[in-house]
Amino acid sequence: MGNRTIVPFGPQHPVLPEPIHLDLVLEDETVVEAIPRIGYVHRGLEKLVEKRDFQQYTFVAERICGICSFMHGMGYCMSVESIMGAEIPERAKFLRTIWAEFSRLHSHLMWLGLLADAFGFESLFMQSWKLREQVLDVFEETTGGRVIFSVCDIGGVRKDINKETLHKILEVLDRMEKELKEIAAVFINDSTVKLRTRGVGKLSKQAAFDLGALGPMARASGIEMDMRTQGYAAYGKLDFKPIIDEEGDCYARTRVRIGEMFQAMDLIRQCIRLMPEGDIKVKVTGSPKGEYFTRLEQPRGEVLYYVKANGTKFLDRVRVRTPTFANVPALLETLKNCSLADVPILILTIDPCISCTER
Amino acid sequence: MSILRMTKTLIKNLFHGPFTVSYPIEKKETFDRTRGSIGISIDDCIFCGMCERRCPTNAIHTDKARTSWSIERLKCIQCGYCTEVCPKKCLMMENHYTEPSFGNVRDVHVKCTNTQSPSES
Amino acid sequence: MAGETLKEISASDLLTETLKLKNEGYRLVAISSTYKEEMELTYSFDLNYELVNLRLHIDTEAELDSISIIYPYSFLYENEIKELFGIKINGITPDYNNSLYKIPVKAPFGVQE
């Protein structure tokens, strides 16, 4: 038995985009145990629902997290719509899907950049984020915001995308696909990258299930789990299959996410092809009464929305269970018996979104 | 050869020049829909207080007696809800962002009303 | 969207009901709590996109058994609920003893101010 030391990791650390604190119990260079501590960006957004009416809360829900902001808004709106029995127009569903898939694209691109940064490949990091910039420009052009869109509303969406812009989006996608292929090849084929990601943080299919892993984390271990297959929004009309890998290590997770990016591009193209004409919003009147659980697939995995309404303007409770929160047990497990040098990569591999986690 | 996969991209970048914009000399162009900051055409405002009540962050304050409308720029989250609910449509989302500032800035707009009625003069 | 069912249970049946679901192959999705006069806890489980919710009502002082012996990864949810809602949950492994969240305000929030 070697020397036991405790190394505090975070809340400020070069690889961490957001603050999380981990106490790492080390034996020589190997991590024996990791104890998490969160709450540095806890804002009490779930509690805020008592002070803001359900229409205003659409804007609050979006601000839970800056990366999957659209999905949060969409999840909240879908829950309230279900309670109030509102059926939103087809075109709104397709528009929501387009923005949701673009969000996935930008989230995964950001993650790729951070991963490259975590193993010290600075120029690859820059390349990924340069690509992401094009997605942000599409967002700004279609919604007005670069990260927080404020377009999702109860009953539909606030803004339409016209034909010319849709055509422009297709051009952007073609250009991006070419550039993405170039950097994806580096992540998948470069042997120095492989040295850092292959065999690191292995999670077998059974272990991933037993730890309640979600999203790309579970899919990389061979669990076929994707809420999109349930056909919410316009996903029921689109043709796609969850992307699955068997290995369950960091390399497999990178491959799954890269696969999902190409899939997202394909889904956006399908949406644009199938987009029906018509209204983008139905008028929803009255106040919600009842409760509903909504689940949808965020870039990081399945998110659960629980909304409980009492028939007044103010909701009783909004509960968001975000994918990162559910992936933390899996992270703590993979951290065991890894070397200290791999800790940054392992933390990044679950794609941590701390603002989501703490709300 | 699986090492030096980046070389092609790197050489391309070497001759391309910067992809970034040298702010503040050069500014990135905005789009029609860009949500920059809230503007008001104060002459149309009827000070109904709808924007004040609907604002999720309580950034807006209206005063009917003094005919003034004010907004705290750092509190505003540019969601555009006030522009939607405004009955006179006198609030609008402008494309330019607010200037950087120290501390809280409250922009006050006061409507010039002719206090003397024509019959008195 | 696949269906969802809600089942009201009493606090003493929690472990048996959870064990039944575990043996059927369900996974734990979330534990949510709501505070309105009494604590309302909802345990959500999923199998093939079917959501099953166990709902139980307890009063704020009551003690509850942890389900972390059945679902080990429930410890994070239970620690969170224990810390932020003040429900006494016994036997969480690992129990962080109300130090998971590092927040400047005093927890639990559940107790009405």
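Two chains are in contact here when heavy atoms lie within 4.5 Å. By that criterion, in this predicted model, two pairs of chains touch, and the pair sharing the most contacts is chains A and C. Chain C and chain B, by contrast, make no contact, with 21 Å between their nearest C-alpha atoms. Chain C is the one followed in the rest of this passage.

A good place to start is the fold itself. Chain C contains six strands and two helices. Read from the N terminus, these elements follow the order β-α-β-β-β-β-α-β. The radius of gyration of chain C is 14 Å, close to the 13 Å expected from the globule rule for 113 residues, so chain C is as compact as a globular protein of that length. Along the principal axes, its C-alpha atoms occupy a box of roughly 40 × 30 × 30 Å.

The next step is to look at how the residues are packed. Among the 113 residues of chain C, 51% are buried, which here refers to a relative accessible area under 20%. Contacts also link parts of the sequence that stand well apart: of the contacts in chain C with a separation of 6 or more, 49% involve residues 24 or more positions apart.

Finally, there is the surface and the charge. Chain C has an accessible surface of about 5200 Å², and carbon and sulfur atoms contribute 52% of that area. The chain carries 10 positive and 19 negative charges, and the mean positions of these two groups are 4 Å apart.

Notes. Residues numbered from 1 in each chain as written. Chains lettered and ligands numbered in written order. Predicted model: local features only at pLDDT ≥ 70, side-chain atom pairs only at ≥ 80, totals over all residues. Heavy atoms only, no water. Helix = DSSP H or I, 4+ residues; strand = E, 2+ residues; numbered from the N terminus. Rg over C-alpha atoms; globule rule 2.2 N^0.38 Å. Buried < 20%, exposed > 50% of the residue type's maximum accessible area, 1.4 Å probe, protein only. Areas by Shrake-Rupley, 256 points an atom, 1.4 Å probe, with all protein chains shown as cover. Lys, Arg positive; Asp, Glu negative; His and termini not counted. Charge placed at Lys NZ, Arg CZ, Asp CG, Glu CD.
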